[in-house]
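Got the viewer open and a free hand on the mouse? Let's take a walk through this one, stop by stop.

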Amino acid sequence: MHHLGLITGASSGIGRALAHEHARRGRDLLIVARREEELSELAEKLRSKYAVEVRVVARDLTEPTSRRDLFDLVEQEGLTVDYLFNNAGYGGAGQFYEQDWDMLSGMMELNMRAVTELMHLFLPGMVARGRGRVLNTSSTAGFMPGPVQAVYFATKAFVNSVSKAVASELQGTGVTVTALCPGAVKTEFADTAGLGDSKLFERAATPQTTAAQGYTAMESGRLEVITEVGLAVAIKGLMPFIPERLAMAGVKKIQS
Ligand SMILES: NC(=O)c1ccc[n+]([C@@H]2O[C@H](COP(=O)([O-])OP(=O)(O)OC[C@H]3O[C@@H](n4cnc5c(N)ncnc54)[C@H](OP(=O)(O)O)[C@@H]3O)[C@@H](O)[C@H]2O)c1
């Protein structure tokens, strides 16, 4: 398989759109998520539309051994992952102290540990070959504390931080790490997070434009990309001057 891209969370939303971005450049894919049927349908579509090779691996990435298993499978098959898309993730709205612990614990496992472990497993090979691209799907949620989704926002703050620090360490190796930071995007995310009725998603972006922006940023080795100009201005230009309690009250209102 050539220019192989491993995409987690490819069965829907931004991950599925990233798979199209990768395949339309004639690059092969290994796509991962829990729902095998959705992955197989996508694989069929990509093979016939772009004439690329696509391998499907159904895995629950909250299983602590799943990431190592995935890496071992890649090694056993003699595959070379040149592009790693750490995209699988979910949110969950509610009062922190009332939320289901298993849901929060799984979220931290998937949004942080899986992202970190997959980078840790695949980066040594990329560095040894002197080439590689990593795109971690983070969120604008990673730039502030997020009442009503306290843990989700914190997981994305982690992704932003670890992505940028590792990217800095990798300077000069030929390997880059980019954090993709979208605002609201029309995917299954809102319903999974219990935010289906939130105003946040009324004018949400499409997964296609989000993935295209992420892919371009990854190819040029950018540290991060905030996919909406208005949000970028608010986060980088205004937020540092707004009292934190006021900013959090705004986040709480939007998400409620
Ligand atoms: N939509 C937004 O507004 C938004 C904004 C900013 C950032 N993001 C981030 O974008 C990423 C993609 O989300 P999306 O918006 O595309 O939502 P989505 O449509 O719900 O996609 C989530 C993907 O993650 C996979 N996934 C969930 N749990 C998994 C598990 N335990 N093991 C393996 N795969 C799992 C899902 O596949 P299966 O169910 O088949 O496992 C699905 O493919 C996430 O990291 C999310 O935090 C989303």
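Start by selecting Arg67 and Glu117: their side chains meet in a salt bridge, 2.9 Å from N to O. (A salt bridge here is a side-chain nitrogen of Lys or Arg within 4 Å of a carboxyl oxygen of Asp or Glu.) Now colour the helices: Arg67 belongs to helix α3 (residues 66-76) and Glu117 to helix α4 (residues 101-129), so this pair ties together parts that are 50 residues apart in sequence. Helices are DSSP runs of H or I with at least four residues, strands are runs of E with at least two, and both are numbered from the N terminus.

Turn on the surface for a moment. Arg67 is buried at 1% relative accessibility, while Glu117 is partly exposed, with a relative accessible area of 24%. (Buried means under 20% relative accessible area, exposed means over 50%, and partly exposed is in between, with a 1.4 Å probe and protein chains only.)

Before moving on, a word on what you're looking at. This is a predicted model, where local features need pLDDT of at least 70, side-chain atom pairs count only at pLDDT 80 or more, and totals for chains, interfaces and linings use all residues. Residues are numbered from 1 along each chain as its sequence is written, and side-chain values use heavy atoms, with hydrogens and water left out.

Next, select Glu21, Arg24, Arg25, Arg27 and Glu219. Salt bridges that share partners join these residues into one network. Zoom in on Arg25 and Glu21, whose side chains form a salt bridge of 2.9 Å, N to O. Arg25 is partly exposed at a relative accessible area of 28%, whereas Glu21 is buried at 10%.

Now slide over to Glu219 and Arg27, another salt bridge, with the closest N and O atoms 2.8 Å apart. Glu219 sits in helix α7 (residues 207-219) and Arg27 in the loop between α1 and β2 (29-33), so the pair ties together parts that are 192 residues apart in sequence. Is Arg27 buried or exposed? Arg27 is buried, with a relative accessible area of 15%, and Glu219 counts as partly exposed at 30%.

Stay on Arg27 and show what surrounds it. Leaving aside neighbours within four places in sequence, Arg27 is in contact (heavy atoms within 4.5 Å) with His2, His3, His22, Val52, Tyr83, Tyr215 and Glu219. If you'd like the full tally of salt bridges, the count comes to 15.

Last stop: select the ligand. How many residues surround the ligand? There are 30, counting a residue as near if one of its heavy atoms lies within 4 Å. The closest are Arg34, Arg35, Tyr152, Val185 and Thr187. By type, the shell divides into 12 nonpolar, 12 polar and 6 charged residues. (Ala, Val, Leu, Ile, Met, Phe, Trp, Tyr, Cys and Pro count as nonpolar, Asp, Glu, Lys and Arg as charged, and the others, Gly among them, as polar.)

Try a few distances while you're here. A polar side-chain atom of Ser12 lies 2.8 Å from an oxygen atom of the ligand. An N or O atom in the side chain of Arg35 is 2.8 Å from an oxygen atom of the ligand, and one in the side chain of Asp60 is 2.8 Å from a nitrogen atom of the ligand. Finally, switch the surface back on: the protein covers 96% of the 880 Å² of accessible area that the ligand has on its own, by the Shrake-Rupley method with a 1.4 Å probe.

Definitions and conventions
Polar contact = N/O pair within 3.5 Å; in protein donor to acceptor, adjacent residues only side chain to side chain.
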